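Trainee: Pick one part of this model and take me through it closely, please. I'd like the background first, then the packing, then whatever stands out around it.

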Amino acid sequence: MAFSLVTIGYGSLVGLSLGLTGGGGSILAIPILVYGLHVQINQATIISLLMVATIALFGAGRQTTSRNVDWQAAFLFSLSGMIVSPVAIFFAHGIDSSLRLILFSILMLFVGFKMARNGKQQSPQIKIDDLAPGQKVAQTIKMGLGGAGAGILSGFFGVGGGFIIVPLLIMIFSMPYPKAVGTSLASIFMISLTAATGAFIKGISIDAFLFLPFVGGGLIGMLVGSALVNSIPEKLTKMIFASITITLALFMLIDN
């Protein structure tokens, strides 16, 4: 019982970060699972993927009711990511766990510093249907490449890739931050679910008694994060998340 409460608590931290950042928070799941709950990296990857997919779907559903999800943009991102992510997880399975954790730490440092340096980006929203045919092709290519990058990260590290998707949605389509967060969640669900399917095909199993309370806590955290995303300043959210991410990354690098 005590272990379940701890697991729920850890899951709620990931869900809260996911709800506030639109996916960047999922990068916290791996260090929490590996160091907090002592899960092997291969199993931690698939638990993270399934948790991210579940919470992202839940969050996207809630954000859809607030009209904060552009499903067309989400699908463009997801299509290439869904193709790439199962391939990435096949390659990742045979890599030494310490090396994967070191690479993951470097990724966390990159995400943390990138989020800390990014200022608020806000401008009038651009709709896909309003673009000229040539512009539509260029935007679709950019979205496809972004989705493929998210798919690689999803399959290799078990993260949703929202830290790639959210900035691209803002830069390419000038989406307001809350809408970019909601759209990112929809895309993350599709990519993560495909990557998790690839992991099951590879033969990686999970501990259901650990997974269920972890996801349950994540859903609670997502509820809180989704409710707060419009009321907490974006700059403050990013700075808190960046500080936590960088601290964890440095710890993992030292440990490995």
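Mentor: Let's fix one term before anything else: a residue is buried when its relative accessible area is under 20%, exposed when it is over 50%, and partly exposed in between, using a 1.4 Å probe and protein chains only. On that basis, 53% of the 256 residues in the protein are buried. Keep in mind that this is a predicted model, so to speak with filters on: local features need pLDDT of at least 70, side-chain atom pairs count only at pLDDT 80 or more, and totals for chains, interfaces and linings use all residues. Numbering runs from 1 along each chain as its sequence is written, and side-chain values use heavy atoms, with hydrogens and water left out.

The overall picture is quick to give. There are 10 helices and 0 strands, taking helices as DSSP runs of H or I with at least four residues and strands as runs of E with at least two, numbered from the N terminus. Along the sequence that reads α-α-α-α-α-α-α-α-α-α. Contact means heavy atoms within 4.5 Å, and of the contacts with a separation of 6 or more, 85% join residues 24 or more positions apart.

Now the part I'd zoom in on, the pairing of α3 with α8. Helix α3 covers residues 41–65 and helix α8 covers residues 177–202; their axes lie 7 Å apart and make an angle of about 150 degrees. The axes are lines fitted to C-alpha atoms over the stretch in contact, and angles run from 0 to 180 degrees between N-to-C directions. α3 and α8 therefore count as roughly antiparallel, a label for angles over 145 degrees (under 35 is roughly parallel, 65 to 115 roughly perpendicular, and the rest oblique). Their crossing is left-handed, in the sense that the near helix is turned anticlockwise from the far one by less than a right angle, with clockwise giving right-handed. On the α3 side the contact uses I46, L49, L50, V52, A53, A56, L57, G59, A60 and Q63, and on the α8 side G182, L185, A186, I188, F189, S192, L193, A195, A196, A199 and F200. Sorted by class, that makes 17 nonpolar, 4 polar and no charged residues. For the classes, Ala, Val, Leu, Ile, Met, Phe, Trp, Tyr, Cys and Pro are nonpolar, Asp, Glu, Lys and Arg are charged, and the others, Gly among them, are polar.

While you're on α3, find T45, which sits in that helix. T45 is buried, at 2% relative accessibility. Beyond its neighbours within four places in sequence, T45 touches I30, I89, R100, G155, F157 and G158. T45 and H93 are 48 residues apart in sequence, yet 9.7 Å apart from C-alpha to C-alpha.

The loops flanking α3 are worth a click too. In the one between α2 (29–36) and α3 you'll meet H38, which is not a glycine but has a positive phi of about 55 degrees. H38 is exposed, with 67% relative accessibility. R67, in the loop between α3 and α4 (71–92), also has a positive phi, about 60 degrees, without being a glycine. R67 counts as exposed, its relative accessible area being 72%.

For a second pairing to set beside this, rotate to α5 (residues 97–117) and α10 (residues 234–255), whose axes come within 8 Å and cross at roughly 155 degrees. α5 and α10 are therefore roughly antiparallel, and their crossing is left-handed. The α5 residues involved include L101, F104, S105 and M108, meeting α10 residues such as K238, F241, T245 and L250. By class, this contact divides into 19 nonpolar, 3 polar and 1 charged.

L250 of α10 is partly exposed at 43% relative accessibility. Its C-alpha is 7.1 Å from that of S105, though the two are 145 residues apart in sequence. I244, also in α10, is partly exposed at 41%. The C-alpha atoms of I244 and M108 are separated by 9.9 Å, with their positions 136 residues apart along the chain.

Last stop, the largest nonpolar core: a core is a set of buried Ala, Val, Leu, Ile, Met, Phe, Trp, Tyr and Cys residues joined through side-chain atoms within 4.5 Å. This one has 70 residues, and I27, L33, F104, L107, L169 and F214 touch the most other members. L107, leaving aside neighbours within four places in sequence, contacts I27, L153, F157 and F163.
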